[in-house]
Amino acid sequence: MSDDTLLDRALIRLEEAANHLQIDPDVTEKLKYPRETTKTRLLIRMDDGSRKSFLAWRCRYDDTRGPTKGGIRFHPDSTIEEVETLAFWMTFKCAVMNLPYGGGKGAIRVDPHGLSKSELERLSRAYVQAFANIIGPDRDIPAPDVYTNAMIMGWMSDEYNQITGQVSPAVITGKPIALGGSLGRNDATARGGFYLVRHLATELGLDKDHTVAIQGFGNAGQFYARLTAADGNSVVAVSDSAGAIYRPGGLDVEKLIAGKNAGRRVADMASELGAKVITADELLSVEADLLVPAALEDMITKDNAGTIKAKVLLELANGPVTPDADKVLEGKGIVVLPDILANAGGVTVSYFEWVQNRQGYYWDLEEIHARLLKIVEREGRAVWTIAKDRNVSARSAAYIHALGRLATAIEAHGTQPFFAG
């Protein structure tokens, strides 16, 4: 890997998309850098009476198309470069889905598994205390991400309400249903990807009963497994942070999910599921029609991309494939459905939650699913058409699609030719 940062590598996508469009240089100049990134240290009282500090960030990358939107992750390896890159991806993700948002992201450098529930609550509330002037229902709207969940969002929303002295449920999405959350938010990331694959299955060369391997068996991976299995497809391999298992005839998805919810690792369930324990890298090379990276960034590199046998990759994780790996996959004829389209179901239903909070009227689950399906199929079809018309990858097509919308908004403020007369 070169000395380039994660953001440097992400910006390659911007440059590639710009080469396909007649846009003003003002557009790329504005999108090359985040609008603002705030760093602070959160100091909380631990259960043993000591005090401990945690590094935290919030990035608002671009707000040309609306208030910034993006999750907050709690992870021991979080960095400012990661936060800014995720905010960049969110900017394009919202534009791809035509949501009235810009991109944002936040993080605390912490291993939440080492905190008690009380410490976790204090840390969550401390984050909002630190960033209360940054976030807001019309400025920057956080949501859950890695190792954060609905309860944490509920604590954060409550803290914001206490600071501002008013109930503002639209400040944060991904909240518990009882606190203004939306039905359908829990499986939205996976459901959006599932709808996309189902809509484009013929073009992708995927049969009705195709086989699936899932890298990462957290929220998105589990829900995707359940949705695709219920649709008649076979999940043959899954992995978590501790290992992977493979069974060519298919795994019992419900038993797997029940085991994970009970705190077990997938490898520990291999024998009872009739599966073989394999390494995480071996999962990438199993015989499967569809590979679903649903873990973290940079999991598929030029060093392991060549072993992949799947016809299609569905990026439920953010940035799981490096630019170098993209070239390898493209050379092998493997279609990559990119993260800014494939996992955008989550932010789309977060948008629905924000709309419902603001209007004070809530939709039933059937309406949520119907609205998500309509947007995924519309934008998925648009991206696929661009890819075919321009003879580019689906990733390039998604960035071209998003950049076109961002450019229109940025250019509406006036560009160099306008001001030069």
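**View 1. Strands E2 and E4 pair up in the antiparallel sense.** In this predicted model, six bridges link strand E2 (residues 51-62) with strand E4 (residues 102-109). To find your way around, start at Asp 62: its bridge partner in E4 is Gly 103.

**View 2. Zooming out from that pair, here is the open sheet E1-E2-E4-E3-E5.** The sheet has five strands, and its pairing is mixed. Strand E1 (36-45) and E5 sit at the edges with a single partner strand each, so one side of each has no neighbour in the sheet. On average, neighbouring strands here are turned by 25° against each other, direction ignored.

**View 3. Next up is the E3 and E5 pairing, where the strands run parallel.** Strand E3 (residues 68-75) is joined to E5 by five bridges. One spot to look for is Thr 68, which stands opposite Asp 140 in E5. Is E5 largely enclosed or left open? Five of the five residues of strand E5 (residues 140-144) are buried, so the rest of the structure largely encloses this strand. Keep in mind that E5 is still an edge strand as far as the sheet goes, with a single partner strand.

**View 4. The other sheet shown here is open too, with seven strands.** Reading across, the order goes E9-E8-E7-E6-E10-E11-E12, and the pairing is mixed. At the edges you'll find strand E9 (276-278) and strand E12 (335-337), each of which pairs on one side only. From one strand to the next, the twist averages 20°.

**View 5. At the E12 end of that sheet, E11 and E12 pair in the parallel sense.** Three bridges connect strand E11 (residues 312-314) with E12. It's a valine-to-valine match at one of them: Val 312 has Val 335 in E12 as its bridge partner.

**View 6. Helix H6 lies across three strands: E10, E11 and E12.** The helix covers residues 188-204, while strand E10 spans 290-293. Relative to E12, H6 runs at about 155°.

**View 7. Out on the surface, Ile 177, Leu 183 and Leu 365 make up a nonpolar patch.** Together, these residues have about 250 Å² of accessible area. Where does Leu 183 lie? Look in the loop between helix H5 (150-164) and H6, the helix from the previous view. Leu 183 has a relative accessible area of 36%, which means that this residue counts as partly exposed.

Conventions: Residues are numbered from 1 along each chain as its sequence is written. This is a predicted model: local features need pLDDT of at least 70, side-chain atom pairs count only at pLDDT 80 or more; totals for chains, interfaces and linings use all residues. Side-chain values use heavy atoms; hydrogens and water are left out. Two strands pair if DSSP finds at least two bridges between them. Helices (H or I, at least four residues) and strands (E, at least two) are DSSP runs, numbered from the N terminus. Axes are lines fitted to C-alpha atoms, for helices over the stretch in contact, and angles run from 0 to 180 degrees between N-to-C directions. Contact means heavy atoms within 4.5 Å. Patches are made of residues with over 30% relative accessible area and no salt bridge: like charges are joined within 9 Å, nonpolar side chains (Val, Leu, Ile, Met, Phe, Trp, Tyr) within 5 Å. Accessible areas come from the Shrake-Rupley method with a 1.4 Å probe; for residues, only the protein chains shown count as cover. A salt bridge is a side-chain nitrogen of Lys or Arg within 4 Å of a carboxyl oxygen of Asp or Glu. Buried means under 20% relative accessible area, exposed over 50%, partly exposed in between (1.4 Å probe, protein chains only).
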